[in-house]
Amino acid sequence: MGKELEVPEETKLPDVGKRLSIIAAIAYAGCGVFALTSLVFLSLRPSSYATTSQSNATEPVVLGDQLFFIVSEMNGKVVAIKNADPNISAEIVMTSRNLTDPKGQLWYLDKEGYIHSALNGLVITAKFNGTARMAEFSKDPDSHWKFQNNLIVNEAGDVLDIRFRSQVEGASLTAFKFHGTDNERWRMETFKQRRG
């Protein structure tokens with residue numbers, strides 16, 4: 001048989017137990033950094049309604065951490081997450097304002113001015129003429145919505161629009177090219193929390 005290759009002592013890898021200990025220590029340290037980062041992010045949230053974090057969120061700081069309703073100039077109804085569903089892909093609809101339990105109807109701006117839901121930190125996304133839904137903040141210009149005068153405009157150049165100018169409770173929203181009608185005009189109304 002062949003001669004066994006000798007490896008100098010200083011280049012030998014530690015035994016399996018030692019390697020697992022090193023991996024566990026690195027993983028534990030990484031989790032500590034992740035947990036600390038998550039705590040810092042969550043402490044910056046403007047509302048107790050925020051229940052989930054998102055990986056690409058930007059820090060909410062604008063308006064002094066104030067929450068607001070997005071109100072339609074057409075009918076006074078507000079933009080809301082249907083049934084206050086906190087999940088990604090939940091539909092965005094028009095509904096009557098609920099001052100006693102506005103969960104799903106409140107929004108905030110991050111430091112870049114992008115609109116986020118106070119319920120979950122997610123953002124609105126909608127492809128041209130597609131139904132508006134909740135999504136994680138991403139590089140997709142269809143999820144970058146900002147106020148611009150009395151319009152809400154995304155970086156794809158579309159405006160937030162009440163589909164077919166519908167007046168019904170639960171009317172859906174879409175992204176559409178600006179055409180100047182009141183179903184695409186909005187105002188921001190600050191939510192004043194009641195002190196206990």
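A residue counts as buried when its relative accessible area is under 20%. By that cut-off, 40% of the 196 residues in this predicted model are buried.

**Whole chain**

Show the cartoon first. The protein has one helix and 12 strands. The helix comes at the N-terminal end of the order, and the strands follow it. Of the contacts with a separation of 6 or more, 56% are between residues 24 or more positions apart. Switch to a surface next: the protein exposes about 11,400 Å², and carbon and sulfur atoms supply 56% of that area.

**The nonpolar cores**

Select I70, V79, I92, W107, W145, L173 and W186. These are the residues with the most contacts inside the largest nonpolar core, a set of 25 residues. Two or more residues of this core come from each of β1 (68–72), β2, β3, β4 (107–109), β10 (159–162) and β11 (173–176). A second core, separate from that one, has eight residues, including V71, V78, Y108 and A118. In soluble globular proteins, nonpolar side chains tend to be buried together.

**E91**

Go to the loop between β2 (78–81) and β3 (92–95), where E91 is found. Is E91 buried or exposed? Its relative accessibility is 19%, so E91 counts as buried, the cut-off being under 20%. To display its surroundings, select A80, I81, K82, T131, A132, R133 and S172; E91 is in contact with each of them, neighbours within four places in sequence being left aside.

**H116**

Move to strand β5 (residues 115–117), which holds H116. H116 has 0% relative accessibility and therefore counts as buried. Which side chain does H116 join in a polar contact of 2.8 Å? The partner is the side chain of D110. Add K146 to the selection and draw a C-alpha to C-alpha distance: H116 and K146 are 9.8 Å apart in space and 30 residues apart in sequence.

**F164 and R165**

End at the loop between β10 and β11, selecting F164 and R165. Check the backbone torsions here. Phi of F164 is near 60 degrees, a positive value in a residue other than glycine. Phi of R165 is near 55 degrees, again positive in a residue other than glycine. Turn the side chains on to compare their cover: F164 is exposed, with a relative accessible area of 74%, while R165 counts as partly exposed at 42% relative accessibility.

Methods: Residues numbered from 1 in each chain as written. Predicted model: local features only at pLDDT ≥ 70, side-chain atom pairs only at ≥ 80, totals over all residues. Heavy atoms only, no water. Helix = DSSP H or I, 4+ residues; strand = E, 2+ residues; numbered from the N terminus. Buried < 20%, exposed > 50% of the residue type's maximum accessible area, 1.4 Å probe, protein only. Contact = heavy atoms within 4.5 Å. Areas by Shrake-Rupley, 256 points an atom, 1.4 Å probe, with all protein chains shown as cover. Core = buried A, V, L, I, M, F, W, Y, C linked by side-chain atoms within 4.5 Å. Polar contact = N/O pair within 3.5 Å; in protein donor to acceptor, adjacent residues only side chain to side chain.
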